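Here is a short tour of one structure. Keep the sequence and the 3D view at hand while you read.

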Amino acid sequence: MAKDLFYLFSLNNILIMILIFVILFVLIISSTPLFEKGFSKVVYVLTSSIWDPVYDRYGIFFAIGGSLVVALIAIIIALILSISTAVFIVEISPSKIRAPLEMMVDLGVAVPSVVYGLWGLFILTPFLRDHVMKPLIDSIPVLKNFLGSYSPSGTSIFTAGVLLGIMIYPFATSIIREAIKLIPFDIKEALYSLGLTKWEVIKNEIFYIRNSILAGLLLAFGRAVGETVAVAMVVGNIVNPEFYKIFTPGYTIASLLANQFLNATGIMIPILYFAALILFSIGFIVNIIVALYLHRSFHR
Amino acid sequence: MDLRRLKSDLMITGIIIISLLGMIPLIHIFLTVAWRGINVIARDPLGVLFKEPPIPGSEELGGIGPHVLGSLILISIASLIGIPISILSAIYTVEGMSKRLGPLTSLLVRIMIEFPTIVIGLSVYGAVLLIEEFINDLVKIFGLGGHIYIPRFNPITGAIALAIVMIPYVYTQSEDGFKNIPHHIREAVYSLGFSRIRASIVLSSYVKSALLSGIMIGVSKILSETAPLLFTAFGNDHYVTRFPDVFLNPIGSMTLWIYKAGLSPYDNWIDLAWAAAFILLMIILVLFVISRYIIYKR
């Protein structure tokens, strides 16, 4: 009998693990020049908002903050839109338009992020500037102190958050939709047999699938933090220590990398690798949580 | 009037309004890209597909030929690297019945699927720099003199970055396909006394629709990626024709062009960005419909 060479297939599995290891290894090795400067330097980079190539002083707090604020806005929008859309598709819509609706949402997942970016730059940005930011600031001038004044082009952290929300909600919708479909029929029957109204049934169903919603949101958050080009096209790309004033232009970690990495010299290079490492860690932690604790509840 | 009924009706109406509001941007994107894209392409269909982009400031329309070709080259090489690795490792995970390696791959790949793609591009770029440094250290140790330079921006690094993006998508689909093979079929195949390799080949043809749809999803994912190419393929507005040069020079892709031209101040570049977006969306739509059809038939 010929020797079974099947075990050679495992080389591919090992290769995949090596790839993941190499990605992490390269990021860590390439940011060591920063670590060698000592712990206080790392803390300084993490907590200050300076981008000063002349004196070679950099702190990426503005980008970390920008990423989190953009992702937060996106998550809030995606949460509202995805739960409503999923419920609408499965429970409310007439069965004739259900398939086309599902298809459109799934297509929304497939649209390239750079196409979202192009649309965001030419359609969404002017729209939000003229119909949301301008009226809001003009009618309630006090808001300027909290939201900041918008730029003439309209690019801002707020715009990026809204675009990202539109981008990730189809993805969150598909996860929540599958979860609603997987609710056992007995439970639906039991809910209706209690004499509950349609809304009360839906409320209970949403409670029943809360783990899937959480998983969907976490995964969407991971995507939102890591998204690069669509955000880089509408966020404004300006070093902005007051990133919490959402109508002002800013930076996210990913857009900072996209815009600055190829111009970087000296200590800026390891600092950008370090920023990438942070980005990587955020995604990694989110996905470990989902994979270990929530995976079973929405993937069989 | 029943208050609970009223509240229910109000909330349901609210849900319908919100979900319709959410649909508006999606529909708007499809219509805008189609409208603007078709208008640009209609001006010179063949030129848009094959010509090089116009130099900045000129009035002519030009085309996105190098970027269409670049996308094709990048995706072909990435598929050649990524598809065998992912399918073979999925086979090993399911058919190999290993206690550790299989489940570990399964878990790590599901984490890998959400890696920020720009980090993957950055890592490939960094890896090229580290390899170059290592080789030059060796050169110095052996006293050979001279400096070895590895081109950072070329189709190979771009394709490697794309393959890393692609692997988890193809892998998860293939793994699910193999896991769903009914027990009696697997038993029947193995009872014929095949080696595990031949059994895997037979089982692969049984789940070929899952493998195909995985490949479709993987290809359409890397077709729409920009971020991993920023530091690897870099983008190139011109055709590179001579043989070795193709693999040593930067290469364009449609997504990189949309990113660059969309942010540029030139009207004809922006027009071409919409045209590229339309072409890209059409290809993705076709892949989407095919993969849907395969899943539906299954």
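H1(A) passes H4(B) in a left-handed crossing. A crossing is called left-handed if the near helix is turned anticlockwise from the far one by less than a right angle, and right-handed if clockwise. Helices (H or I, at least four residues) and strands (E, at least two) are DSSP runs, numbered from the N terminus.

This is a predicted model, where local features need pLDDT of at least 70, side-chain atom pairs count only at pLDDT 80 or more, and totals for chains, interfaces and linings use all residues. Residues are numbered from 1 along each chain as its sequence is written, chains are lettered from A and ligands numbered from 1 in the order in which they are written, and side-chain values use heavy atoms, with hydrogens and water left out.

**Two helix pairs**

H1(A) covers residues 10-30, and H4(B) covers residues 101-112. Their axes lie 10 Å apart and make an angle of about 40°. Axes are lines fitted to C-alpha atoms, for helices over the stretch in contact, and angles run from 0 to 180 degrees between N-to-C directions. H1(A) is therefore oblique to H4(B). Angles under 35 degrees count as roughly parallel, over 145 as roughly antiparallel, 65 to 115 as roughly perpendicular and the rest as oblique.

Which residues of H1(A) make the contact? They are Ser10(A), Asn13(A), Ile14(A), Ile16(A), Met17(A) and Ile20(A). H4(B) brings Leu101(B), Leu104(B), Thr105(B), Leu108(B), Val109(B) and Met112(B). Contact means heavy atoms within 4.5 Å. By class, the contact of H1(A) with H4(B) has nine nonpolar, three polar and no charged residues. Ala, Val, Leu, Ile, Met, Phe, Trp, Tyr, Cys and Pro count as nonpolar, Asp, Glu, Lys and Arg as charged, and the others, Gly among them, as polar.

The other pair sits in chain B. H7(B) (residues 183-191) and H8(B) (residues 196-206) have axes that come within 9 Å and cross at roughly 140°. H7(B) and H8(B) are therefore oblique to each other. H7(B) passes H8(B) in a right-handed crossing. Ile185(B), Arg186(B), Val189(B) and Tyr190(B) of H7(B) meet residues of H8(B), among them Ala199(B) and Leu203(B). The contact of H7(B) with H8(B) has seven nonpolar, no polar and two charged residues.

**Chain A as a whole**

Chain A holds 14 helices and two strands. Its C-alpha atoms fill a box of roughly 80 × 70 × 30 Å along the principal axes. Of the 300 residues in chain A, 57% are buried. Buried means under 20% relative accessible area, exposed over 50%, partly exposed in between (1.4 Å probe, protein chains only).

H10(A) spans residues 198-208, and its buried residues include Trp199(A) and Ile202(A). The buried residues of H10(A) pack against H4, H8 and H9 of chain A together with H1 of chain B.

**Single residues**

Asp106(A) is found in H5(A), residues 95-110. Leaving aside neighbours within four places in sequence, Asp106(A) is in contact with Ser174(A), Arg177(A), Phe288(B) and Arg292(B). Is Asp106(A) buried or exposed? At 9% relative accessibility, Asp106(A) counts as buried.

Two residues have a positive phi although neither is a glycine.

| Residue | Phi | Relative accessibility |
|---|---|---|
| Asn237(A) | about 50° | 21%, partly exposed |
| Phe234(B) | about 75° | 40%, partly exposed |

Asn237(A) lies in the loop between H12 and H13 of chain A. Phe234(B) is in the loop between H9 and H10 of chain B.
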